[in-house]
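Work through the exercises below with the structure open. Each one sets a task and then solves it step by step.

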Amino acid sequence: MIRKIATAAAAAAAALLLAAPAATAAPVDEYAGVGSDTTQDVMRALTEEYSLDNPDYLWTSIDANSTTQSIQDIGTCPGVTYSSSNPAPNGSSAGINALLADTNNCIDFARSSRPLKAGTEQTSLTAVRLGGDSVSWSALPQASGGKAPANLTLENVRKIYKCEVTDWSQVGGTSGSIVRYYPQGGSGTRDFFTGSVLGFDPTDLQTGSCTTAPTIIQENRGNQIDVNDTENAIFPYSKAAWTAQSNSGLTGVPDSRDGLVLGTIDGKAAGSTSFVGNRDVFNVYKNATAAPELIAFLNWAATQNSIKALYGFTA
């Protein structure tokens, strides 16, 4: 009788064990990226999507200048906590520099909205193209009280940032003193606009007729323009970031445009064929340490055209 009870109890326990869901194994490592403000939101969406089918690892995209996120103490990484006293890398160049400097395998890839530069970057890193973007100038439209016209020639844009044109009425707008704004240092958008659109650095007062540098604010944040300057301001803006913010209800990206619209250059809209501000954006990994799992993720991300389109990037 005792043996029968014991046998029955064992059978019941086995049945319960079989019915219980299998425990989920803890992730064995984390792959974390830092850098570009422009691509942080689409990469957050892509890491979340990839995690659903690849739970063996943590997939993390740390926002530019984040003071609240962290990289876990896992694998060979002792952990990194970002705070007000230790903010995350802010921009493409800052992300690439952090990737190169990391010796603990905490930072695995850098988001970059510019190509790799000659020298250490090109010899030590590989850039995986994520998609296409454009950078144009932005301003408050006249219908909303702004002074800028809808179109500027490339020469107009350059003369504005050289202070050779100082009033919107000189370039087809309504009378108002132009106030120049520019992205923060370390920004790939800043590097690209400087090198490929302007052809000079407007923060260098040796160039042009300016006696003061442009006001520096966080890239793609129209809401950081001083309220007293809004109707007269000009500010470079990523088309992808502008689109992701306009799709805020779907992307969850805060709308920081504050009424700014993208202007055309020489009659061409950002993203159109042969537009001067068209560019590619990338994810970058270190040749010496990149794991196959990381490279597979970055290659997968480049193929996710529907997600990229929602955030404003082309295939």
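A residue counts as buried under 20% relative accessible area, as exposed over 50%, and as partly exposed in between. The model is predicted.

**Exercise 1. Classify the ring pair Phe 297 and Trp 300, and state whether each residue is buried or partly exposed.**

Step 1. A pair of aromatic rings is described by the distance of the centres and the angle of the planes.

Step 2. Two rings pair if their centres lie within 6.5 Å, and planes under 30 degrees apart count as stacked. The ring centres of Phe 297 and Trp 300 are 6.1 Å apart and their planes stand at 25 degrees, so this pair is stacked.

Step 3. Phe 297 and Trp 300 both belong to helix α9, residues 292-302. They are three residues apart, about one turn of the helix.

Step 4. Trp 300, at 22% relative accessibility, is partly exposed. Phe 297, at 0%, is buried.

**Exercise 2. Determine which residues of α9 are buried, and where they sit around the axis.**

Step 1. The buried residues of α9 are Leu 294, Phe 297, Leu 298, Ala 301 and Ala 302.

Step 2. These residues cover an arc of only 140 degrees around the axis, and therefore lie on the same side of α9.

**Exercise 3. Classify the ring pair Tyr 57 and Trp 59, and find the cluster that contains these residues.**

Step 1. The whole structure holds 14 aromatic pairs. In one of them, Tyr 57 and Trp 59 have 6.0 Å between centres and 65 degrees between planes.

Step 2. Planes over 60 degrees apart count as edge-to-face, and the pair of Tyr 57 and Trp 59 is of this kind.

Step 3. Trp 59 has a relative accessible area of 8% and is buried.

Step 4. Ring pairs join Tyr 57 and Trp 59 with Tyr 31, Tyr 50, Phe 109, Phe 297 and Trp 300 in a cluster. The stacked pair of Exercise 1, Phe 297 and Trp 300, thus belongs to this cluster.

**Exercise 4. Identify the parts of the chain that the salt bridges of Lys 117 and Asp 280 tie together.**

Step 1. Side chains of opposite charge can pair when their charged atoms come close. A search of the whole structure gives eleven salt bridges.

Step 2. The partner of Lys 117 is Asp 191, with 3.7 Å between the closest N and O atoms. Lys 117 is in the loop between β5 and α4, while Asp 191 is in helix α6, so their bridge ties together parts 74 residues apart in sequence.

Step 3. Lys 117 is partly exposed at 42% relative accessibility, and Asp 191 is partly exposed at 28%.

Step 4. Asp 280 pairs with Arg 129, the closest N and O atoms being 3.0 Å apart. Asp 280 is in strand β13 and Arg 129 in strand β6, so this bridge ties together parts 151 residues apart in sequence.

Step 5. At 32% relative accessibility, Asp 280 is partly exposed. Arg 129 is also partly exposed, at 32%.

**Exercise 5. Describe the surroundings of Arg 257.**

Step 1. The side chain of Arg 257 meets that of Asp 255 in a salt bridge, at 2.8 Å from N to O.

Step 2. Arg 257 also lies over the face of Trp 242, 4.6 Å from the ring centre.

Step 3. Arg 257 is buried at 16% relative accessibility, whereas Asp 255 is partly exposed at 41%.

Step 4. Elsewhere, salt bridges with shared partners join Arg 114, Lys 117, Glu 121 and Asp 191 into one network.

**Exercise 6. Place Thr 207 in the structure and list what it touches.**

Step 1. Thr 207 is in the loop between α6 (188-198) and β9 (215-217). Its relative accessibility is 21%, which makes it partly exposed.

Step 2. Leaving out residues up to four places away in sequence, Thr 207 touches Lys 162, Phe 200 and Asp 201.

Step 3. Two of these contacts also meet each other: the charged end of Lys 162 sits over the ring of Phe 200, 5.0 Å from its centre.

Step 4. Cys 163 is 44 residues from Thr 207 along the chain, and their C-alpha atoms are separated by 9.5 Å.

Methods: Residues are numbered from 1 along each chain as its sequence is written. This is a predicted model: local features need pLDDT of at least 70, side-chain atom pairs count only at pLDDT 80 or more; totals for chains, interfaces and linings use all residues. Side-chain values use heavy atoms; hydrogens and water are left out. Buried means under 20% relative accessible area, exposed over 50%, partly exposed in between (1.4 Å probe, protein chains only). Helices (H or I, at least four residues) and strands (E, at least two) are DSSP runs, numbered from the N terminus. A charge sits over a ring if NZ of Lys or CZ of Arg is within 6 Å of the ring centre and within 35 degrees of the ring normal. Contact means heavy atoms within 4.5 Å. The arc is that of the directions from the helix axis to the C-beta atoms. A salt bridge is a side-chain nitrogen of Lys or Arg within 4 Å of a carboxyl oxygen of Asp or Glu.
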